[in-house]
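Trainee: Please take me closely through one part of this model. Stay with that part until the picture is clear.

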Amino acid sequence: MRRRDFLTYSAATSFLLLTGCGGSSNDNTNNTTPPPSPPPTTPSTGLITGEALAIPTLLDPTPVNGVKQFDLAIEEATHKFYYEFDTNTFGINATYLGPTLLLRQGEQVSINFTNNLAETTTMHGHGMHLPAVMDGGPHQLIGVGETWQAQYTVNQKACTNWYHPHEMGKTAEHVYQGLAGLIIIEDEESQALDLPKTYGVDDIPLVVQDRVFDNAGQFSYTPTNQQIMQGYRGENFITNGQVAPVFNAKAGLLRLRLLNGSNAGVYHFSFADNRQFQQIATDNSLLEQPVTLTSVRLSPGERAEIVVDLANDASNSVVLNVLESIDQRSATALTITVNNETAPVTSLPTSLTTLAAVDPSQASNTRTFTLEGMGNMGNPVLTINNQAMDMTVINETVPLDQTEIWEITNTMNMPHNFHIHATHFQVIDRNGSTAQVADNEKGYKDTVFIPAGETVRFLVTMTDYADANGKYMYHCHFLEHEDAGMMGQFVVV
Ligand code: C2O
Ligand code: CU
Ligand code: CU
């Protein structure tokens, strides 16, 4: 098993070295040609591609006594991925995924999730800084027909977060069925910056996932034990619930809020012409300055806000590709057709925000976490510090306002990542080297990628919400790993 993994992952690594992460095996790689003319006959079978990008609705809240109420219904649905099939899905006020919630720092919100499924679930605010009882983790089950309300005051910097189910042992399957949506947080600083920020026009969310469909066009969430160990990935890439959709943009700057919403794919996003773009935000904050890149890597749960300059692309199309680096599959994530109108924003500010300095000498202690594989092929068990997730065990007790170093070591021959609830962190070093921390991971983060055999240290301070009974989670965000035990619980006291 281990030897085989090693071979698989070294093959992936050499592929990346050869292609510089931008490799693409599909034909839609030339951005300088106009969009192809429609085929002579409309296909009537197969996956639907090339539709106008579906942009999740911006959900309008109802204010009640100064509290913004967002009403969301989790339901069974069918969604059109295929011409000839209706795919059974779960959705939130929609047939697949859910609406975008726009929250502003300092405001009080009540996010009301009604569970119309035939089974229990939960709904977690990934990246949200809030009290543990409002976190929507495995302890906040929403029974069939019940409504659960996440009520809190928005208390963090501008960023792109998301919500998704988190029921013990069911997270992977519930997300796979379509349950996820974005939360955009704005603050005074982000509103004052001259960034592209007209939702649906020059500020576009892209939730990218991969799926396996069976012969009847249904999601096939049937991981074998080996696929639980290695993560469940599919050959079909979908963006906002569509295969290779098309977005019509104005010539100028376009902001893309990228979420790797997959169960276990490590995605590298780049443009087909390998053009440069700027990353402006990590999981939980803007970056201090835009960082110029040609490819950005996101492991499951991570976000990046990127800005691409389309000023010279009027009448042409530009293709955003996604390469999944474990299985080495790539696809078109989005085709951007550019029209002749000028976009609202044509240049980026050079300075975006100010972040806390990363000063490890402020830490009063170090907590260590090792990610390990146990069990066997008949019963895969993944652990952190030799313990599989147990709802009745508090693994860590963290003092409020104490700055700590958390050191995470991936002992396995496969990649993992590490996500914490409650607050953000800042990466200190990788394998002891600050130089190995890329400029585009120097913003606030809640999820960090950890390649096979590597160690990451980050600085973290739990603030505001002490509750000896309120459990937060930390875990690998490869969802099969999380469900197979690679998760633990902490309280803040
Ligand atoms: Cu996105 Cu604990 O999860
Ligand atoms: Cu989370
Ligand atoms: Cu993992």
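Mentor: What follows is a close look at how domain 1 meets domain 3, and then at what else links distant parts of the chain.

This is a predicted model, in which local features need pLDDT of at least 70, side-chain atom pairs count only at pLDDT 80 or more, and totals for chains, interfaces and linings use all residues. Residues are numbered from 1 along each chain as its sequence is written, chains are lettered from A and ligands numbered from 1 in written order, and side-chain values use heavy atoms, without hydrogens or water.

Start with the layout. The chain divides into domain 1 (62-181), domain 2 (203-342) and domain 3 (360-492); such bounds come from an automatic or database assignment. The C-alpha centres of domain 1 and domain 3 are 24 Å apart. Their contact (heavy atoms within 4.5 Å) takes 27 residues from domain 1 and 25 residues from domain 3.

Now the area. Domain 1 and domain 3 bury about 1,900 Å² between them. That is accessible area (1.4 Å probe) lost on being put together, summed over both. Carbon and sulfur atoms hold 61% of this area. Three residues stand out on the domain 1 side: His129, His139 and Met168 supply 28% of what domain 1 buries against domain 3, more than any other three residues.

Next, the polar side. Which count is zero across this interface? The salt bridges: the rule finds zero between domain 1 and domain 3. A salt bridge here is a Lys or Arg side-chain nitrogen within 4 Å of an Asp or Glu carboxyl oxygen. Polar contacts are present, in 19 residue pairs, both residues at pLDDT 80 or more. Each is a pair of N or O atoms within 3.5 Å; within protein, one must be able to donate a hydrogen and the other to accept it, and sequence neighbours count only through side-chain atoms on both sides.

Which elements of domain 1 face domain 3? β6, β8 (159-164) and α2 (171-176) each supply at least two residues of the touching side. The largest share, four residues, comes from α2. Helices (H or I, at least four residues) and strands (E, at least two) are DSSP runs numbered from the N terminus.

β6 also leads to the metal. His124 (NE2) and His419 (NE2) are the protein donors of the copper ion (ligand 2), at 1.9 to 2.0 Å. His124 lies in strand β6 (residues 124-126) and His419 in strand β25 (residues 416-420), so the pair ties together parts 295 residues apart in sequence. Donors are N, O and S atoms within 2.8 Å of the metal (3.2 Å for Na, K and Ca); water is absent, so sites may look incomplete. His124 is buried at 1% relative accessibility. His419 is buried too, at 0%. Buried means under 20%, exposed over 50%, partly exposed in between (1.4 Å probe, protein chains only).

Elsewhere, the whole structure holds 25 salt bridges. One joins the side chains of Glu302 and Lys445, 2.8 Å from N to O. Glu302 sits in the loop between β17 (296-298) and β18 (303-309), Lys445 in the loop between β26 (426-430) and β27 (447-450), 143 residues apart. Both Glu302 and Lys445 are buried.

By contrast, Lys442 and Asp439 pair at 2.9 Å, with Lys442 partly exposed at 42% and Asp439 partly exposed at 47%. Shared partners join Asp283, Glu302, Arg303, Lys445 and Asp446 into one salt-bridge network.

Note on methods
Buried area is the accessible area (1.4 Å probe) that two parts lose on being put together, summed over both.
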